[in-house]
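Please brief me on this protein model. Start with how the strands are arranged, then turn to the backbone at two loop positions.

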Amino acid sequence: MGVSAGKLDRRIVLRRPSLTRDAQNRPITTWDTVGPVWASWRRATANERLASAQVTAQVTDIFEVHWSSRVKDIDPSCEVEFRGTVYDLVEATEIGYREGMLIRANARVDQP
């Protein structure tokens with residue numbers, strides 16, 4: 001069972017890290033936007049939170065998106081922005097065979 005288009009009612013921005021060099025040839029990480037995509041969103045359950053091994057004040061949210069060539073390479077090195085909050089990816093798993101992607105991500109909530 002894939003991702004239902006009717007449930008994709010939130011916009012998220014996915015970003016991939018990209019390594020560049022400054023004038024002194026030092027590595028600098030910048031973020032390439034994969035693009036805004038439609039997603040479903042839900043807060044993780046207590047069991048899902050335990051599985052993410054929280055050590056600081058944070059929230060774990062689950063996003064599901066349609067599979068596409070833009071999101072096929074999303075992995076834990078990437079980040080998600082949702083409602084102005086930047087999340088670190090914990091997991092990106094294909095749903096079915098090219099039906100969707102499940103993205104589990106953490107955001108710190110103990111900082112302003």
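Six strands close into a barrel, and their pairing is antiparallel. Going round the barrel, the order is 1-2-3-6-5-4. From one strand to the next, the twist averages 40 degrees. The model is a predicted one.

**Strands 5 and 6**
- Strand 5 covers residues 85-95.
- Strand 6 covers residues 100-108.
- Seven bridges join strand 5 and strand 6, which pair in the antiparallel sense.
- Glu94 has its bridge partner in strand 6, and that partner is Met101.

**The loop before strand 5**
- Strand 4 (79-82) and strand 5 (85-95) are linked by a loop, and Arg83 lies in it.
- Arg83 is not a glycine, yet its phi is positive, at about 55 degrees.
- Most residues other than glycine have a negative phi.
- Arg83 has a relative accessible area of 58%. Exposed means over 50%, so Arg83 counts as exposed.

**The loop after strand 5**
- Arg98 sits in the loop between strand 5 and strand 6.
- Arg98 has a positive phi of about 55 degrees, although this residue is not a glycine.
- The relative accessibility of Arg98 is 47%. Partly exposed runs between the cut-offs of 20% and 50%, so Arg98 counts as partly exposed.

**Recap**
- Which strands pair over seven bridges? They are strand 5 and strand 6.
- Is Arg83 buried or exposed? Arg83 is exposed.

Note on methods. Residues numbered from 1 in each chain as written. Predicted model: local features only at pLDDT ≥ 70, side-chain atom pairs only at ≥ 80, totals over all residues. Heavy atoms only, no water. Helix = DSSP H or I, 4+ residues; strand = E, 2+ residues; numbered from the N terminus. Buried < 20%, exposed > 50% of the residue type's maximum accessible area, 1.4 Å probe, protein only. Pairing = 2+ DSSP bridges. Axes fitted to C-alpha atoms, helices over the stretch in contact; angles between N-to-C directions.
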